[in-house]
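Here are some exercises to work through with the model open beside you. Try each task before you read its solution.

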Amino acid sequence: MSSSHDTIRAVSWHNDGLQLLDQRVLPANEVFLQFEDAAAVAQAIRDMVVRGAPAIGIAAAYAVVLAARQAYARAGAEWRREIEADLQTLAASRPTAVNLFWALTRMRACFAAIDGDPVPTLLAEARAIHDEDIQANRRMGELGAALFTGITGVLTHCNTGSLATGGYGTALGVIRSGWVNGRIRAVYADETRPWLQGARLTAWELVRDHIPVTLLADSAAAQLMRAGRVQWVIVGSDRIAANGDVANKIGTYGLAVNARHHGVRFMVVAPTSTIDMQIASGADIPIENRDPAEVLALAGQRVAATGAEAWNPAFDVTPAELIDAIVTERGVVEKPTAAKMAELMRGTASV
Ligand code: MRU
């Protein structure tokens with residue numbers, strides 16, 4: 001992989017604190033913010049300074065290090081009791097991406113064995129979560145791109161790239177790998193109303209990494225498919241249920257319905273940290289509802305008629321039967337079912 005196609009890192013441990021690229025102000029401004037306490041990181045997750053399921057989990061893992069540093073300074077050996085409020089605040093920041101809870105559980109699992117200052121152990125664990133995410137993305141990039149049978153046009157939704165992960169990306173990682181291997185002819189990206197992750201973030205990231213991209217209004221996707229310009233829709237996920245139902249950015253479900261109608265294949269790319277085996281089906285996945293102002297306004301400017309109300313679910317659920325492949329770092333699940341997902345998570349699936 002040429003490094004010119006993978007240059008962006010939005011989350012990093014820097015100067016003994018957490019550094020985040022502020023995704024609210026891209027692409028106009030590239031601003032890095034520095035965080036020294038967990039409550040501020042929780043607020044940054046809520047406000048979408050950092051967003052995207054794996055990136056939220058990684059930011060939360062580093063936030064646990066910040067919380068432990070403060071708790072140890074305040075309470076010494078009693079730091080485990082002192083850190084609880086920060087863990088609760090982080091867990092309450094956004095509800096849908098299970099990577100947040102997965103990362104907090106993994107960090108908490110280190111607590112019992114720590115003797116003395118918790119920071120070195122917890123920082124090593126947060127760094128491991130971050131590194132493993134990048135490795136998973138590279139592996140998924142290879143596995144996903146290997147599913148292309150010819151030179152293909154692809155459509156993606158939201159932002160699933162380096163900005164949404166530890167680096168490289170999930171769906172955008174497959175697109176990076178496919179582009180480098182010469183398997184992709186054209187990349188189309190939905191603008192992704194209301195927050196415009198596609199127009200603001202995916203387009204910025206792909207242009208920056210020298211991968212040509214064509215934006216479309218979300219409502220143009222069916223026409224794009226009918227015109228035969230894309231053979232695959234490739235998306236990420238915020239939470240995958242035990243039966244293979246997939247929660248992802250609002251609009252994903254509509255794309256899956258449209259893809260099936262037009263004979264376009266539908267790929268979901270997500271690390272196993274996004275799979276929630278505790279949730280039987282998509283019906284039980286908590287869906288975040290965000291501020292109606294995100295729909296009523298555009299770039300901070302009200303566009304809707306005064307008096308109108310708005311419904312703003314941030315995610316929807318695509319049923320497993322509309323999905324051709326779920327690509328994880330452990331392997332590809334084609335035509336997902338509960339039995340195939342269980343086999344993957346037991347580590348016995350054939351790749
Ligand atoms: O609301 P966001 O921007 O955090 O939503 C992000 C998405 O829905 C992504 O598609 C998903 O997290 C997968 S990204 C690797």
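**Exercise 1. Find which side chain and which backbone atoms make polar contacts with the ligand.**

Step 1. Start with the side chains: an N or O atom in the side chain of Gln197 is 2.8 Å from an oxygen atom of the ligand. A polar contact here is a pair of N or O atoms within 3.5 Å; within protein, one must be able to donate a hydrogen and the other to accept it, and residues adjacent in sequence count only if both atoms are side-chain atoms.

Step 2. Turn to the backbone. A polar backbone atom of Gly52 lies 2.9 Å from a ligand oxygen, and a polar backbone atom of Ala53 is also 2.9 Å from an oxygen atom of the ligand.

Step 3. Check the cover: on its own the ligand has 410 Å² of accessible area, and the protein covers 100% of it (Shrake-Rupley method, 1.4 Å probe).

Step 4. Look at the surroundings. There are 19 residues around the ligand, and Arg51, Arg94, Asp238, Asn248 and Lys249 come nearest; a residue counts if one of its heavy atoms lies within 4 Å.

A word on the source: this is a predicted model, in which local features need pLDDT of at least 70 and side-chain atom pairs count only at pLDDT 80 or more, while totals for chains, interfaces and linings use all residues. Residues are numbered from 1 along each chain as its sequence is written, and side-chain values use heavy atoms, with hydrogens and water left out.

**Exercise 2. Trace the open sheet of 4 strands and say which strands stand at its edges.**

Step 1. Write down the order, which is β11-β8-β9-β14, with mixed pairing. Strands (E, at least two residues) and helices (H or I, at least four) are DSSP runs numbered from the N terminus, and two strands pair if DSSP finds at least two bridges between them.

Step 2. Pick out the edges: β11 (275–276) and β14 (315–318) each have a single partner strand, so one side of each is left without a neighbour in the sheet.

Step 3. Go through the pairs. β8 (residues 239–241) runs parallel to β11, joined by 2 bridges, and Ala241 has Asp276 as its bridge partner in β11. β8 and β9 are antiparallel over 2 bridges, with Arg239 bridged to Ala247. β9 and β14 are antiparallel over 4 bridges, where Asn248 stands opposite Asp316.

Step 4. Add the helix. α10 (residues 252–262) lies across β9 (246–249) and β14, at about 35° to β14. The angle, on a scale from 0 to 180 degrees, is taken between the N-to-C directions of lines fitted to C-alpha atoms, for helices over the stretch in contact, with contact meaning heavy atoms within 4.5 Å.

**Exercise 3. Locate the cis peptide bonds before Pro27 and Pro194, and the positive phi values of Asp16 and Gly244.**

Step 1. Recall the background: most residues other than glycine have a negative phi, and most peptide bonds are trans.

Step 2. Find the cis bonds. Leu26 to Pro27 has omega near 0°, with Pro27 in the loop between β2 (17–21) and β3 (32–35). Arg193 to Pro194 has omega near 5°, and Pro194 sits in the loop between β5 (184–190) and α8 (197–208).

Step 3. Find the phi values. Asp16, in the loop between β1 (11–14) and β2, has phi near 60°. Gly244 has phi near 90° in the hairpin of β8 and β9, which has 4 residues between the strands.
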